[in-house]
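This report describes the interior, one helix, a small sheet and two individual residues of a single protein chain. Please keep the sequence and the structure at hand while reading.

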Amino acid sequence: MRTLLWLSEAFGLALTLVLLVTPLVIKSAGALKLYDSPDGDRRMHDLPVPRLGGVAVYLAAAAVSLVLFARTQPRFTTPGPEGIAEIRFLAGAFIGSGFLFVVGLVDDIRGLSPSLKLIAQLIAASVAVYFAPPVSSIALGYGPGITLGWVMIPLAILWMVGVTNVFNFIDGLNGLAGGIAVVGCATIVAASLALGNLVVLLPAVALIGALLGFLQHNYPKARIFLGDSGSLSIGFLLAAFSLYSSVNSFGAVLIIIPLVAVAVPLMDGTLAILRRWLRHVPVSGADARHIHHRLLALGISQQRAAVLLWALAAIIA
């Protein structure tokens, strides 16, 4: 019962903070003229919209998670050395995501090249993997799985960088990325409860609260967008939490869990990379052929397209 109360507190505080702070961020972004302007192609909104939503979402989720975790840490960690390893993992996840939040914020304000953002993502992922407990095997079921040894290190880094990018790709409709992130976090919560990886519970629940608060301003009509500060940091947390929440009692990653947690952006991002590679255009480039663009081309409204993709993500998860 006490654990449920703490989780409810994390959810409620993050939700309330975002609801209170987002209007201030909207005014500040407007005053600084930090808008995402429509272009009639990929950017399909009618009027310029502020793009600093990640400031409210990430800072609220991170602040609530870390403050409440400091108060309740024994409830959400394993006693002894394992608990210290879990705390290190959480520290690495927030150091990495915080770094990407700053990088994304700079990109939202001044603009950064894709290569610089990729380097930043590799640094953030390397930090998170360094702090995380060692995992050397993957499993399809409940067992020790297949031992990969040191190969798991580059695979984990590739996973975090990949998920961060595909989540950034999917952020193309009002509410789409936020709703899919809620589904991903809910999947992480279910997995962490089933497998006993409780250290990710509090931040995952806080992130759900922050995202739902943000959706009040982002769907169905957007008064603000996540921006790269939001999509990079949230995508990174989804990657880290989905990986760690899926570790079973043998120390192996149940690979199906992280795959279904971010299935829709993963499928869309993989197809986007293949499409650009086959067309001999830069993989880091942008186009209007993502899954949400194809739904719009069929005559489906933006609101219904977002709901359809939320539902698809939930069904898969």
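## Ile-123 and its exposure

A residue is called buried when its relative accessible area is under 20%, exposed when that area is over 50%, and partly exposed in between. The model discussed here is a predicted one. Ile-123, which belongs to helix H4 (residues 114-131), has a relative accessibility of 42% and therefore counts as partly exposed. Its C-alpha atom is separated by 8.9 Å from that of Phe-99, although the two residues are 24 residues apart along the chain.

## Ser-97 in helix H3

Ser-97 is found in helix H3, which covers residues 81-109. Because its relative accessibility is 0%, Ser-97 counts as buried. A polar atom of the Ser-97 side chain lies 3.3 Å from the backbone oxygen of Phe-94, and, once neighbours within four places in sequence are left aside, Ser-97 is in contact with Tyr-58, Ser-233, Phe-236 and Leu-237.

## The nonpolar cores

The largest nonpolar core contains 85 residues, and those with the most contacts inside it are Met-160, Ile-234 and Phe-241. Helix H2 (residues 53-76) supplies the largest share of this core, namely 11 residues. A second core, separate from that one, is made up of six residues, among them Ala-139, Ala-191, Leu-195 and Leu-254.

The surroundings of Phe-241 can be set out in detail. Apart from neighbours within four places in sequence, Phe-241 is in contact with Phe-89, Leu-90, Ala-93 and Phe-94, and also with Ile-188, Val-200, Pro-203 and Ala-204.

## Helix H7

Helix H7 consists of 18 residues, from 201 to 218, and the distance from its first C-alpha to its last is 25 Å, which is close to the 26 Å expected at 1.5 Å a residue. This helix is mostly covered, since 16 of its 18 residues are buried.

## A three-stranded sheet

Three strands form an open sheet in the order E4-E3-E5, and their pairing is mixed. Strand E4 (146-147) and strand E5 (252-254) are the edge strands, each of them pairing on one side only. Strand E3 (residues 137-139) and E4 run antiparallel and are joined by two bridges; within E4, Ile-146 is the residue that stands opposite Ile-138.

Methods: Residues are numbered from 1 along each chain as its sequence is written. This is a predicted model: local features need pLDDT of at least 70, side-chain atom pairs count only at pLDDT 80 or more; totals for chains, interfaces and linings use all residues. Side-chain values use heavy atoms; hydrogens and water are left out. A nonpolar core is a set of buried Ala, Val, Leu, Ile, Met, Phe, Trp, Tyr and Cys residues joined through side-chain atoms within 4.5 Å. Buried means under 20% relative accessible area, exposed over 50%, partly exposed in between (1.4 Å probe, protein chains only). Helices (H or I, at least four residues) and strands (E, at least two) are DSSP runs, numbered from the N terminus. Contact means heavy atoms within 4.5 Å. The expected span of a helix is 1.5 Å times one less than its number of residues. Two strands pair if DSSP finds at least two bridges between them. A polar contact is a pair of N or O atoms within 3.5 Å; within protein, one must be able to donate a hydrogen and the other to accept it, and residues adjacent in sequence count only if both atoms are side-chain atoms.
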